[in-house]
Amino acid sequence: MNLFLRLLTLPFLSGRRSGTSPLGPCRTPFRVWPTDLDILRHVNNGVYLSLMDLARVDLLSRAGFSSEIRKRGWYPVVAAETISFRRSLTLFQRFEIVTTVIGWDDKAFYLTQDFVRDGVVVSSAVVRARFLGRGGERVSPQSVMDLVPVPVVQPVLPEWVAAALQTPALRNSSS
């Protein structure tokens, strides 16, 4: 329920913050709430992934083309993600998620999402995401980028990205 309430307030809060480049970085502020905690009193691992979803929604909204994506019936899905934890987030701490699109290929977008507290990265993730249409068909990243209201130069995808997302389980899901 906590994440649902955050999702409902996100468009309101996004509208009050400045726009961002479609590639980011997009800084989405959060605070740790009691419902985010596990029995050890720090943010539950699964909550990190859910908060990353909200930060990606914020990027799409603030970049100015989420309404065009919705009109077409497209929606983003995560194909793979990996996350590393360096420090804990605890009750009532403020932090932000910095979301950056670092590139794309013919099937998917690749993003980094860093959890930053007081200027220090406490957790980092790499995400492979794609868009699907109403019938479940794949939408090419180029088709999505064609909706962007400003010209965007495609960044060169760093070589380390493929290695970060290549585990035996993920290799089989790349099709």
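Select R72 and W74 to begin: in this predicted model, R72 lies over the face of W74, at 5.8 Å from the ring centre.

Next, colour the aromatic side chains, since a search of the whole structure finds seven aromatic pairs. Zoom in on F109 and F131, whose ring centres are 5.9 Å apart and whose planes stand at 80 degrees, so that this pair is edge-to-face, the angle being over 60. Following the backbone from each ring shows that the pair links distant parts of the chain, with F109 in strand β4 (residues 109–117) and F131 in strand β5 (residues 120–132), 22 residues apart. If you add a surface at this point, bear in mind that both F109 and F131 are buried. Then select F30, Y48, F85, F95 and F115 together, which ring pairs link into a cluster.

Now turn to the outside and select W33, L91 and F92, which make a nonpolar surface patch of about 270 Å². Within this group, F92 is found in the loop between β2 (75–85) and β3 (94–104), and its relative accessible area of 42% makes F92 partly exposed.

For the last stop, go to T20 in the loop between α1 (2–16) and β1 (26–31). Is T20 buried or exposed? With a relative accessibility of 15%, T20 counts as buried, because the limit is under 20%. Displaying its surroundings, and leaving aside residues up to four places away in sequence, you will find that T20 touches P25, C26, L59, R62 and A63. Finally, draw a distance between the C-alpha atoms of T20 and G64, which are 44 residues apart along the chain and separated by 8.1 Å.

Technical notes: Residues are numbered from 1 along each chain as its sequence is written. This is a predicted model: local features need pLDDT of at least 70, side-chain atom pairs count only at pLDDT 80 or more; totals for chains, interfaces and linings use all residues. Side-chain values use heavy atoms; hydrogens and water are left out. Rings of Phe, Tyr and Trp (its six-membered ring) pair if their centres lie within 6.5 Å; planes under 30 degrees apart count as stacked, over 60 as edge-to-face and the rest as tilted. Helices (H or I, at least four residues) and strands (E, at least two) are DSSP runs, numbered from the N terminus. Buried means under 20% relative accessible area, exposed over 50%, partly exposed in between (1.4 Å probe, protein chains only). A charge sits over a ring if NZ of Lys or CZ of Arg is within 6 Å of the ring centre and within 35 degrees of the ring normal. Patches are made of residues with over 30% relative accessible area and no salt bridge: like charges are joined within 9 Å, nonpolar side chains (Val, Leu, Ile, Met, Phe, Trp, Tyr) within 5 Å. Accessible areas come from the Shrake-Rupley method with a 1.4 Å probe; for residues, only the protein chains shown count as cover. A salt bridge is a side-chain nitrogen of Lys or Arg within 4 Å of a carboxyl oxygen of Asp or Glu. Contact means heavy atoms within 4.5 Å.
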